[in-house]
Amino acid sequence: MRNVYLDNSPRIDALHKWLQACSTNIDYEQIPVESALHRVTFEAVYAHNSNPNFQASAMDGIAVKAYKTYDASEANPVELVKDVDFIPVDTGDPIPDEFDAVIMIERVNTLENGNVIIHQSVGPGQHVRAIGEDIVTKELILTANHQIRPIDQAAMLAAGVLDVPVHVKPKVAIIPTGDEIVKPKRDPERGELIEFNSTIFKGYLEEWGAEVTVFDIVRDELHAIEEALAKAASSHHFVIINAGSSAGSEDYTVHAIRNRGEVVLHGIATRPGKPTILGKIAETPVLGLPGYPVSAWLALDWFAKPLVYRLRKLIPPQRPKLHGILSKRVNSVFGSEEFVRVKIGYVNDKLIVTPIGSGAGVVMSLVLADGIMTIPPEREHFDSGQEVEVELLCQPEIIKNTMVGIGSHDLSLDILVDELKLRYPEKRISSAHVGSMAGIMAIDRGECHFAGIHLLDPETGEYNHSYVKKFVKNTPVSIVHFVHREQGFIVAKGNPKNIQGISDLMRQDIVFVNRQKGAGTRMLFDYLLQQAGIVPSQIAGYTREMFTHSSVAASVAYGAADCAMGIRSAAEAMGCDFVPLCEEKYEFVVSDAFLASEQGEMLLALIRDPRIKSRIEALGGYSCRDTGEIKRP
Ligand SMILES: Nc1nc2c(c(=O)[nH]1)N[C@H]1C(S)=C(S)[C@@H](COP(=O)(O)OP(=O)(O)OC[C@H]3O[C@@H](n4cnc5c(N)ncnc54)[C@H](O)[C@@H]3O)O[C@H]1N2
Ligand code: MOO
């Protein structure tokens with residue numbers, strides 16, 4: 001049953017091969033013009049009647065016989081007789097056949113007897129909308145394969161066209177599969193994973209103009225998958241089946257498609273997204289998307305989007321592209337196109353592109369991504385400092401209004417990020433969480449506006465200052481104090497293993513989970529170990545590293561570890577207990593140029609805002625007694 005050898009086809013070739021193999025014909029239907037917005041015309045639309053279909057006044061005033069005005073001038077006023085030489089008309093009124101011009105009311109002096117005096121002559125047709133000025137009967141209004149906009153609806157209605165033939169919406173079936181997948185609910189059991197990929201697919205497909213049916217989750221059972229596929233293919237223009245696409249013992253998707261139809265291709269030369277399947281059942285295209293959401297999202301974009309647009313006889317929209325400077329080296333595999341999620345922001349007039357290094361299962365990486373960078377197959381890496389092209393996932397304007405933070409993560413920072421957006425919807429803080437040391441290096445290289453850090457100097461017992469002095473040489477900066485916070489051990493509720501101090505970590509029954517090298521918490525932990533004369537090899541789990549306080553707290557909460565070093569608020573947020581060890585300073589190193597800018601002033605005012613301080617202190621384990629103080633290093 002196992003099929004371990006996948007194809008390695010270039011993505012574009014794969015798409016062409018698949019589209020050629022499948023049918024992309026689609027029927028049409030006649031629908032009311034008023035509900036035809038965004039639909040695509042099946043054939044040309046011609047005017048039923050002219051618009052206007054009578055001579056209409058274009059102005060408020062009087063309808064006149066032009067020849068009766070020819071003698072009028074400033075020196076020679078002419079009197080026109082009511083109901084004989086003129087009649088009053090408003091804009092849009094029909095003009096009786098005996099009149100042929102309109103004089104605006106402002107140009108007319110009305111006498112007591114109802115007659116008028118004019119001081120100007122007018123030519124025939126002045127201020128008169130001719131029959132068919134806009135549209136003439138039988139004129140072509142829209143061609144075939146035209147996507148209908150509100151203005152097109154207006155033109156059709158004006159021309160007396162009430163129904164329009166359009167291509168039917170492509171009907172797309174989505175089949176989620178997997179024994180571990182369950183419908184969305186709270187607190188899934190151990191081993192259960194929430195089914196959310198269908199929601200991703202449905203949303204995008206509808207945005208692209210498809211009509212979507214989501215099938216019930218199909219278990220990992222060959223026959224059940226085949227049945228679902230056959231049913232979907234017989235009643236839809238296009239079938240998407242999700243997961244079971246790789247080499248696992250229960251990955252049946254490719255076999256099910258082959259048994260009922262044809263596999264055009266299995267495996268494309270991309271990362272992620274490699275195990276994508278392109279096939280068909282009878283003439284209906286079938287797309288097998290990988291289970292991991294990031295892989296699936298990408299492959300949906302590569303294959304489902306062009307197919308849906310082709311069925312609709314349209315060209316898929318392109319995302320805007322920007323060029324920027326890569327802040328970190330990214331490795332890639334030769335022969336594979338690598339797709340990297342990135343964050344972007346302008347710092348010192350340079351567009352800085354920072355890769356988000358997470359796996360294909362991390363939905364949040366796409367929530368936070370501003371764009372996607374592609375490394376072509378012939379490259380094995382992109383260097384830091386290199387100019388790269390990025391496809392934007394957001395509007396270019398928001399990038400200009402982004403304050404860029406790189407460094408250590410703290411829950412208080414999330415509050416700052418949220419409050420900025422609450423008060424200034426057009427602004428944004430983008431924060432990449434890479435640890436304190438990486439933050440310091442980034443601000444030194446001019447790649448961010450501010451860096452959140454908490455670095456203990458083991459020699460002085462002081463926080464942050466000595467590191468900024470030593471490592472920030474190329475950018476003038478200040479330190480803006482943000483919070484004092486408690487650091488300690490995050491342990492399970494009730495502290496069942498009775499962990500009281502650092503020496504408990506050497507016990508055989510304790511499994512620790514660590515933070516990554518360069519993280520301030522990691523440096524603090526190593527400092528405490530050194531002080532206690534403990535070597536890392538005495539601690540089980542020392543080498544298992546995670547990137548945030550929240551993720552280590554989650555590991556403890558779900559029993560994957562007994563203890564982690566972290567902040568009280570993270571412990572409390574995950575329902576864990578906390579053993580306090582010390583208080584530390586979490587501060588921002590801010591570039592002076594940014595601090596002096598309008599955005600910098602805005603950020604500083606926000607940091608000093610009492611409402612933010614009280615929101616932070618309510619988290620537990622924080623003191624804002626010095627928040628907003630500025631120190632020069
Ligand atoms: N030995 C190998 N293992 C794997 C390979 C490989 O080449 N050799 N490829 C890896 C790659 S790359 C990917 S991508 C995944 C693809 O896995 P499948 O398509 O077979 O998907 P599953 O294993 O069934 O599910 C994986 C994972 O995806 C999530 N998932 C699945 N369905 C949904 C859904 N409807 N909603 C939300 N999330 C979903 C879930 O976390 C599953 O655990 O295989 C690697 N393995
Ligand atoms: O397609 Mo897999 O997504 O390379 O992780």
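Asp 152 is buried, at 4% relative accessibility. Its side chain meets that of Arg 149 in a salt bridge, 2.9 Å from N to O. Arg 149 is partly exposed, with a relative accessible area of 45%. This bridge therefore joins a buried residue, Asp 152, to a partly exposed one, Arg 149. The model is predicted.

## Salt bridges

The structure holds 35 salt bridges. Three of them are set out here, with the N to O distance and the relative accessible area of each partner.

| Salt bridge | N to O distance | Basic partner | Acidic partner |
|---|---|---|---|
| Arg 149 and Asp 152 | 2.9 Å | Arg 149, 45%, partly exposed | Asp 152, 4%, buried |
| Lys 280 and Glu 283 | 3.9 Å | Lys 280, 11%, buried | Glu 283, 45%, partly exposed |
| Arg 507 and Asp 509 | 3.2 Å | Arg 507, 28%, partly exposed | Asp 509, 37%, partly exposed |

Take Lys 280 and Glu 283. Their side chains meet at 3.9 Å, N to O. A salt bridge is counted within 4 Å, so a pair at 3.9 Å qualifies. Here Lys 280 is the buried partner, at 11%. Glu 283 is partly exposed, at 45%.

The bridge between Arg 507 and Asp 509 spans 3.2 Å. Arg 507 has 28% relative accessibility and counts as partly exposed. Asp 509 also counts as partly exposed, at 37%.

Salt bridges also link up into a network. Its members are Asp 418, Glu 419, Arg 423, Asp 609, Arg 611 and Arg 615.

## Ligand 1

How many residues surround ligand 1? There are 18. The closest are Glu 195, Asn 197, Ser 245, Ser 246 and Gly 291. By class, this shell has 8 nonpolar, 7 polar and 3 charged residues.

Oxygen atoms of ligand 1 have polar partners in the protein. Ser 246 places a polar side-chain atom 3.0 Å from a ligand oxygen. Tyr 292 uses its backbone: an N or O atom there lies 3.3 Å from an oxygen of ligand 1. In Glu 180, an N or O atom of the side chain is 3.5 Å from a ligand oxygen. Taken alone, ligand 1 exposes 870 Å². The protein buries 69% of that area.

## Ligand 2

Ligand 2 has its own set of surrounding residues. They are Pro 272, Gly 273, Lys 274, Pro 275, Ser 295 and Ala 360. The classes here are 3 nonpolar, 2 polar and 1 charged.

Which part of Gly 273 lies 2.4 Å from an oxygen atom of ligand 2, backbone or side chain? It is a backbone N or O atom of Gly 273. Lys 274 also takes part through its backbone, with a polar atom 3.1 Å from a ligand oxygen.

Pro 272, one of the residues around ligand 2, follows a cis peptide bond. That bond runs from Arg 271 to Pro 272, with omega near -10°. Pro 272 sits in the loop between strand E19 (270-271) and strand E20 (277-281).

## Backbone exceptions

Most peptide bonds are trans, and most residues other than glycine have a negative phi. Some places in this model depart from that.

Another cis bond joins Asn 51 to Pro 52, with omega near -10°. Pro 52 belongs to the loop between strand E2 (45-46) and strand E3 (56-57).

Lys 313 is not a glycine, yet its phi is positive, at about 65°. Its loop runs between helix H6 (293-311) and strand E22 (321-326). Lys 313 is partly exposed, at 30% relative accessibility.

Asn 464 has a positive phi too, near 70°. This residue lies in the loop between strand E31 (450-453) and helix H11 (465-471). Is Asn 464 buried or exposed? Asn 464 counts as buried, because its relative accessibility is 0% and the cut-off for buried is under 20%.

## A nonpolar surface patch

Phe 196, Val 362, Val 363, Met 364, Val 367 and Leu 368 form a nonpolar patch on the surface. Together they have about 470 Å² of accessible area.

Val 362 is one of the members. Its place is in the loop between strand E25 (350-355) and helix H7 (363-368). Val 362 is partly exposed, with a relative accessible area of 33%. Patch residues need over 30%, so Val 362 meets that cut-off at 33%.

How values were computed:
Residues numbered from 1 in each chain as written. Chains lettered and ligands numbered in written order. Predicted model: local features only at pLDDT ≥ 70, side-chain atom pairs only at ≥ 80, totals over all residues. Heavy atoms only, no water. Near = heavy atom within 4 Å. Polar contact = N/O pair within 3.5 Å; in protein donor to acceptor, adjacent residues only side chain to side chain. Areas by Shrake-Rupley, 256 points an atom, 1.4 Å probe, with all protein chains shown as cover. Nonpolar A, V, L, I, M, F, W, Y, C, P; charged D, E, K, R; others polar. Patch = residues over 30% accessible without salt bridge, like charges linked within 9 Å, V, L, I, M, F, W, Y side chains within 5 Å. Helix = DSSP H or I, 4+ residues; strand = E, 2+ residues; numbered from the N terminus. Buried < 20%, exposed > 50% of the residue type's maximum accessible area, 1.4 Å probe, protein only.
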